Amino acid sequence: MNPDTAVERTGMLIVALPGAAQLAARLARLLRCDWSELWLHRFPDGETLVRIDAPVKGRCVVLAGSLHRPDDKTLPLLFAADAARDLGASQVGLVAPYLAYMRQDRRFNEGEAITSRSYARLLSSSLDFLVTVDPHLHRWQSLGEIYPIRTQAIAAAPLIARWLRSHVDNPLVIGPDQESGQWVAEVARLAGAPWTVLTKTRRGDRDVRVTLAGHEPWPGRTPVLLDDIISTGATLLAATAALKKAGMAPPLCIGVHALFDADALQQLRDAGVTRVLTCDTIPHASNAIRLTPLLARAVRAAASGTPRVNTALT
Ligand code: R5P
């Protein structure tokens with residue numbers, strides 16, 4: 001537990017999910033509360049025991065951790081939420097800077113699960129509130145459509161725009177597909193830059209085609225490819241190739257969530273992009289934009305029962 005007692009401490013307790021100690025410590029410092037790492041034991045038979053090593057009774061317990069590679073994290077999360085409630089927590093929340101399972105938002109093939117909805121039901125059954133950053137909202141308009149609990153979605157757009165304003169001359173903000181239009185338009189508006197989106201067709205996990213519809217050369221502009229998620233890198237690689245084919249300069253790539261599978265970052269570098277940078281929702285070497293202060297504000301609002309839809313834009 002954080003031993004700092006010099007400042008007046010609030011009753012909240014942040015519990016770090018596996019791998020999220022740094023996030024929990026930062027949030028606890030900003031929220032002036034205690035934090036503790038979730039103790040976890042894997043039995044030889046593959047089952048898991050969790051333990052919260054801090055007093056819980058009467059406190060608002062906030063589990064903290066990004067949900068990339070979610071399958072191994074979700075059961076410990078649910079067990080911890082259940083334990084917190086059992087031990088008398090006044091409420092139980094989750095701050096997950098990256099929220100998993102948002103992309104399967106319809107049944108693309110007969111018989112498939114709509115996992116965004118299933119996952120939302122699962123988490124909502126154990127939590128009172130959820131705070132996250134730029135969830136992948138495409139066919140769902142808002143988290144409230146699938147999460148019946150209090151939710152707060154922070155937008156990274158203002159901080160990405162601020163970074164662009166101070167680091168890039170004359171940017172042209174480009175989204176690799178139609179659904180990126182929502183983030184791209186907002187970042188461009190806040191950065192005072194023009195924007196456009198490309199057309200993407202996905203044929204498989206790593207088989208992505210991207211084309212420029214109407215080609216405008218945008219002389220004097222620095223191309224900035226912006227997407228919410230960089231996973232295999234296939235989307236940004238295909239977009240980079242499309243820009244090159246159109247005679248544009250090598251782009252700078254910005255992603256909100258650095259999922260980065262295997263050698264995705266190296267492949268982007270090999271393709272000639274000038275730089276790849278991300279927000280710190282998932283710890284990664286490319287992190288350049290820090291969102292923790294916004295997360296802390298959002299957690300405070302969500303815990304007090306007055307969540308606003310988008311704290312970063314207000
Ligand atoms: C999908 O619609 C998302 O917005 C991203 O474009 C996608 O998840 C990126 O994945 P990848 O890097 O594997 O192409």
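A pocket here is found on a 1 Å grid over the protein atoms alone: it is an open set of points where a 1.4 Å probe fits, with protein on both sides within 12 Å along at least five of seven lines, and its lining residues have an atom within 4 Å of a point. A molecule sits in a pocket if more than half of its atoms lie within 2 Å of the pocket's grid points.

Before you start: this is a predicted model, where local features need pLDDT of at least 70, side-chain atom pairs count only at pLDDT 80 or more, and totals for chains, interfaces and linings use all residues. Residues are numbered from 1 along each chain as its sequence is written, and side-chain values use heavy atoms, with hydrogens and water left out.

**Exercise 1. Find the space that the ligand takes, and say what lines it.**

Step 1. The ligand's space is the largest pocket.

Step 2. That pocket holds about 1,400 Å³ of space (the volume filled by probe spheres set on grid points joined across faces, edges and corners). Of its 41 lining residues, Arg103, Gln104, Arg202, Asp205 and Ser231 are closest to the centre.

Step 3. Look at the elements (DSSP runs: helices, H or I, of at least four residues; strands, E, of at least two; numbered from the N terminus). β10 gives the most to the lining, with five residues.

**Exercise 2. Pick out the polar contacts of the ligand (N or O pairs within 3.5 Å).**

Step 1. Start with side chains: a ligand oxygen is 2.9 Å from an N or O atom of Arg103, and another pair puts a polar atom of Lys200 3.0 Å from a ligand oxygen.

Step 2. Now the backbone: a polar atom of Gly233 is 2.8 Å from an oxygen of the ligand.

**Exercise 3. Which element gives the most to the shell around the ligand?**

Step 1. β10 (199–204), β12 (222–230) and α6 (234–245) each give two or more residues.

Step 2. β12 wins, with four.

Conventions. Polar contact = N/O pair within 3.5 Å; in protein donor to acceptor, adjacent residues only side chain to side chain.
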